[in-house]
Amino acid sequence: GGAIGLGNIWKFPFEAGQNGGAAFVIIYVAFVIIIGFPLLSAETMLGRYSKQGAITSFGHIAKIEGKSQNWKYIGWLIASSSFILCSYYSVIAGTTGAYAYEAMMGSFKDITPEGAKALYASYSGDALKLTFWHGLFMAGCGIIMSRSLNDGLEKLTSIAMPVFFALLISLIIMAAVIGDFAAGVKFLFQPDFSKVSFEMAISALGQAFFSIGVALGIMLTFGAYLPDNTSIIKSALIVCVADTLVAILAGLTIFPIVFGFGMEPNVGSALVFNTMTVAFGQLEYGGIIGLGFFLLLAIAGFTTMIALMEQMVSYLNKFYDIKRSIGAPMVAGSIFIVGLLPAFSTNILASVTVSGMNLLDLFDWWINQFGLLLGGLFMSIFVGWILKKETVIGAFGKNEKYVNLIYFLIRYFCPVAIIIVFVSQFT
């Protein structure tokens, strides 16, 4: 539930659309397998070994192993990346709630591609609308986070995710019927390697980290709750496979509609909103289906946001003895306030740009090009080079299969690959 969210349905399609389709998808999947999966395993292992959340895990383990306390700053880097991500993630997730409302009101009926663009502009250009839905989303997160982990997040996820998968399969069938499915499949699976560049590789690696939740503290936090007899590697593999599958299925939903209705795949963050509203507008019961799709998309956003917030709420609860009923509103309120910057970035603060990027795009660029990559790099160095091999193997569990292969990738391949991709931005 934490990994599967807007990164799959909202971000993956527009990243693939902007980076040429299939070539990007192949590089993305490769990065998930050879970098994302080992690091997700390592992150879960650190959480279970330390029995602490993202903010304090590195410092706690460093103290146990007699290493420098400066390693604690990795936890703060990861937590700060999560907080920045939450601030603009909530704005996008709030917009999905707004679109669920529009579907219920019948706004999608017979809508044209131009009408879909105008509908999106009516939200992105309106600071009051974005603030309302951003605030409503954060209020919902705060309420759920105020409850215990089992009564809140786990119960929500156990219901929402199976329904989400069922609806996604149904939408693929719909896209095959009303869209150009052959063109969508070709775009996703027939690569043009002439489009491959370091910029694409950076985007693919950032998307792999973003999508499965590497270096965001999610698995560090939930790893602390993981029973000792649970296989870490198997759990990480399930997350990676399910997450990648959802991203591909999302592409098979979006791109047939894009090409079937003569739309452009490289329009950026508005892609999902523009394409799906047009698709639902062609169906007799499109309003009902659209309501279900955007509502479940909002729920998927909830599960990811709450997973990100848990590290902050649990930190306040454990180290400052602040009850969840108080700590959750504090965290949600802080995210709401900072989130006003990306919410205003397409309207009253539209003139504020950095290197041609508005504030929302700047936040997203920082997370994908710096925050996640640096977090993943330092984590791989910490596990592969600072901790003793026997400590790492023991923390994974003696009965884990392929743990030596995972350790090899964490120690040698992951840091080298991340450094190459990271440095290439400046050459």
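The legends below describe close-up views of a predicted model.

**View 1. The largest pocket and the residues that line it.**
In this predicted model, the largest pocket has a volume of about 880 Å³. Its lining is made up of 30 residues, and those that lie nearest the centre of the pocket are Gly 1, Gly 2, Met 219, Phe 222 and Val 239. Two or more lining residues come from each of helix 7 (150–178), helix 10 (218–223), helix 11 (232–260) and helix 13 (286–319), and helix 7 gives the most, with seven residues. Sorted by class, the lining of the largest pocket holds 17 nonpolar residues, 11 polar residues and two charged residues.

**View 2. The second largest pocket, with helix 1 and helix 15 in its lining.**
The second largest pocket encloses about 310 Å³ of space. It is lined by 16 residues, of which Lys 11, Phe 14, Glu 15, Gln 18 and Asp 364 are the closest to its centre. The elements that give two or more residues to this lining are helix 1 (6–18) and helix 15 (359–386), and helix 15 gives the most, with six residues. By class, the lining of the second largest pocket has five nonpolar, seven polar and four charged residues.

**View 3. A network of salt bridges that links Lys 11, Glu 15 and Asp 364.**
Side chains of opposite charge can pair when their charged atoms come close. The count for this model comes to four salt bridges, and this view shows those that join Lys 11, Glu 15 and Asp 364 in a network. The side chains of Glu 15 and Lys 11 meet at 2.9 Å, N to O, and these two residues are four residues apart in helix 1, which means that about one helical turn separates them. An α-helix has 3.6 residues a turn, so residues three or four places apart point the same way. Lys 11 also forms a salt bridge with Asp 364, where the closest N and O atoms are 3.7 Å apart. This second pair links distant parts of the chain, since Asp 364 belongs to helix 15 and Lys 11 to helix 1, 353 residues apart. Glu 15 has a relative accessibility of 9% and therefore counts as buried, Lys 11 counts as buried at 0%, and Asp 364 is buried as well.

**View 4. The salt bridge between Arg 324 and Glu 310.**
Here the side chains of Arg 324 and Glu 310 meet in a salt bridge, with a distance of 2.8 Å from N to O. Arg 324 lies in helix 14 (residues 324–344) and Glu 310 in helix 13, so the pair ties together parts that are 14 residues apart in sequence. Both Arg 324 and Glu 310 are buried.

**View 5. Helix 4, with a kink centred on Tyr 89.**
Helix 4 (residues 72–104) has 33 residues, which should span 48 Å at 1.5 Å a residue, and the distance of 48 Å between its end C-alpha atoms agrees with this. There is nevertheless a kink of about 25° in helix 4, centred on Tyr 89. The helix is mostly covered, with 24 of its 33 residues buried. Gly 106, which follows helix 4, has a positive phi, near 85°.

**View 6. Helix 17, with a kink centred on Ile 410.**
Helix 17 (residues 403–424) has 22 residues, and it reaches 30 Å from its first C-alpha to its last, close to the 32 Å expected at 1.5 Å a residue. A kink of about 40° in helix 17 is centred on Ile 410.

**View 7. Ala 215 and Ser 355, shown for the sign of their phi angles.**
Most residues other than glycine have a negative phi, and most peptide bonds are trans. Ala 215 has a positive phi of about 60° although it is not a glycine, and it lies in the loop between helix 9 (198–212) and helix 10. Ser 355, likewise not a glycine, has a positive phi of about 55° and lies in the loop between helix 14 and helix 15. Ala 215 is buried, with a relative accessible area of 0%, whereas Ser 355 counts as exposed because its relative accessibility is 73%.

Methods:
Residues are numbered from 1 along each chain as its sequence is written. This is a predicted model: local features need pLDDT of at least 70, side-chain atom pairs count only at pLDDT 80 or more; totals for chains, interfaces and linings use all residues. Side-chain values use heavy atoms; hydrogens and water are left out. On a 1 Å grid over the protein atoms alone, a cavity is a set of points where a 1.4 Å probe fits but cannot get out, and a pocket is an open set with protein on both sides within 12 Å along at least five of seven lines; lining residues have an atom within 4 Å of a point. Grid points are joined across faces, edges and corners, and a volume is the space filled by probe spheres set on the points. Ala, Val, Leu, Ile, Met, Phe, Trp, Tyr, Cys and Pro count as nonpolar, Asp, Glu, Lys and Arg as charged, and the others, Gly among them, as polar. The expected span of a helix is 1.5 Å times one less than its number of residues. The bend at a residue is the angle between axes fitted to the seven residues ending there and the seven starting there. Buried means under 20% relative accessible area, exposed over 50%, partly exposed in between (1.4 Å probe, protein chains only).
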